[in-house]
Amino acid sequence: MNHTSAAVTGAAAFVWLGMVLAISFLETPLKFRAPGVTVPIGLGIGRLVFRALNLAEAALAGVVVVAAVAGSAPAAVTLLAVVVAGLLLGQLTVIRPRLNRRSDLVLAGEDLPRSRGHLHYVIAEIAKVMLLIGLGISVLAV
């Protein structure tokens, strides 16, 4: 793997990792503890924040995959890049739409029980964090 592609892949992976950690594991849980933030307000804020995060993630996933492939990365690096991008794609096409439909109902005033969809999203976020750490480390080792 050439130096430039390795640097770009690693930088994008670690920026992506930082964004996921900051939003998914710091901002999101704290938002609902802030005084005056109701569930509907938190959901509205969350939808905006996650839409922006997911757009940034999609751009970073593109950078990671293109840099890894264009830089002739080792198979392990390319595999990690493709798997983490695929995981994001799954979140965006399967999990997020279900959460959005559910939040639409809550925002319309329905009182719903806890959602297992959020658990699926958290599990996917944990997997994404582990993959991004692995990707970043593997690029540093190249």
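## A walk through a four-helix chain

Let's start in the middle of the chain: α2 and α3 are roughly antiparallel to each other, because their axes cross at roughly 160° and an angle over 145 degrees counts as roughly antiparallel. This is a predicted model, so everything that follows is read from predicted coordinates. Those two axes come within 10 Å, and the crossing of α2 and α3 is left-handed. The residues in the contact of α2 with α3 break down into 18 nonpolar, four polar and five charged.

Now step back to the whole chain. The secondary structure amounts to four helices and zero strands, so reading from the N terminus you simply get α-α-α-α. Along its principal axes, the C-alpha trace spans about 55 × 30 × 20 Å. There are 142 residues in the chain, and 35% of them count as buried.

Next, follow α1 to its partners. With α2, the axes come within 9 Å and the crossing angle is roughly 165°. That angle makes α1 roughly antiparallel to α2, and their crossing is left-handed. Sort the residues of the α1 contact with α2 by class and you find 20 nonpolar, six polar and three charged. Then there's α4. The axes of α1 and α4 come within 9 Å and cross at roughly 155°, which means α1 is roughly antiparallel to α4. The handedness of the α1 and α4 crossing is left-handed.

It helps to put a few residues of α1 on the map. Ala-13 sits in helix α1, and it counts as buried because its relative accessibility is 0%, where buried means under 20%. If you want a long-range pair to look at, try Ala-13 and Ala-81: they are 68 residues apart in sequence, with 8.7 Å between them in space, C-alpha to C-alpha. Leu-17 is also in helix α1. At a relative accessible area of 8%, Leu-17 is buried too. Its C-alpha atom and that of Glu-125 are separated by 10.0 Å, and the two residues are 108 residues apart along the chain.

Over in α3, two residues make a handy pair for checking accessibility. Val-106 belongs to helix α3 and is buried, since its relative accessible area is 13%. Asn-100 lies in helix α3 as well, but with a relative accessible area of 23% it is partly exposed; the cut-off for buried is under 20%, and exposed starts over 50%, so a value in between gets the middle label. Both can be tied back to earlier parts of the sequence. Asn-100 and Ala-52 are 48 residues apart in sequence and 14 Å apart in space, C-alpha to C-alpha. For Val-106 and Leu-53, the sequence separation is 53 residues and the C-alpha to C-alpha separation is 22 Å.

Between α2 and α3 there's a loop, and Ser-72 lies in it. What is the phi of Ser-72? The angle is positive, about 55°, although Ser-72 is not a glycine. That's worth a second look because most residues other than glycine have a negative phi. Ser-72 is also exposed, given its relative accessible area of 56%.

Finally, the pocket. The largest pocket has a volume of about 910 Å³. Of the 28 residues lining it, the closest to its centre are Thr-28, Phe-32, Leu-43, Leu-99 and His-118. Which helices supply at least two residues of the lining each? The answer is α1 (3-31), α2 (39-70), α3 (75-107) and α4 (116-140). By class, the lining of the largest pocket divides into twelve nonpolar, eight polar and eight charged residues.

To pull the picture together: the chain has four helices and zero strands. Helix α1 is roughly antiparallel to α2 and roughly antiparallel to α4, while α2 and α3 are roughly antiparallel to each other. And α1, α2, α3 and α4 each contribute at least two residues to the lining of the largest pocket.

Note on methods:
Residues are numbered from 1 along each chain as its sequence is written. This is a predicted model: local features need pLDDT of at least 70, side-chain atom pairs count only at pLDDT 80 or more; totals for chains, interfaces and linings use all residues. Side-chain values use heavy atoms; hydrogens and water are left out. On a 1 Å grid over the protein atoms alone, a cavity is a set of points where a 1.4 Å probe fits but cannot get out, and a pocket is an open set with protein on both sides within 12 Å along at least five of seven lines; lining residues have an atom within 4 Å of a point. Grid points are joined across faces, edges and corners, and a volume is the space filled by probe spheres set on the points. Ala, Val, Leu, Ile, Met, Phe, Trp, Tyr, Cys and Pro count as nonpolar, Asp, Glu, Lys and Arg as charged, and the others, Gly among them, as polar. Axes are lines fitted to C-alpha atoms, for helices over the stretch in contact, and angles run from 0 to 180 degrees between N-to-C directions. Angles under 35 degrees count as roughly parallel, over 145 as roughly antiparallel, 65 to 115 as roughly perpendicular and the rest as oblique. A crossing is left-handed if the near helix is turned anticlockwise from the far one by less than a right angle, and right-handed if clockwise. Buried means under 20% relative accessible area, exposed over 50%, partly exposed in between (1.4 Å probe, protein chains only).
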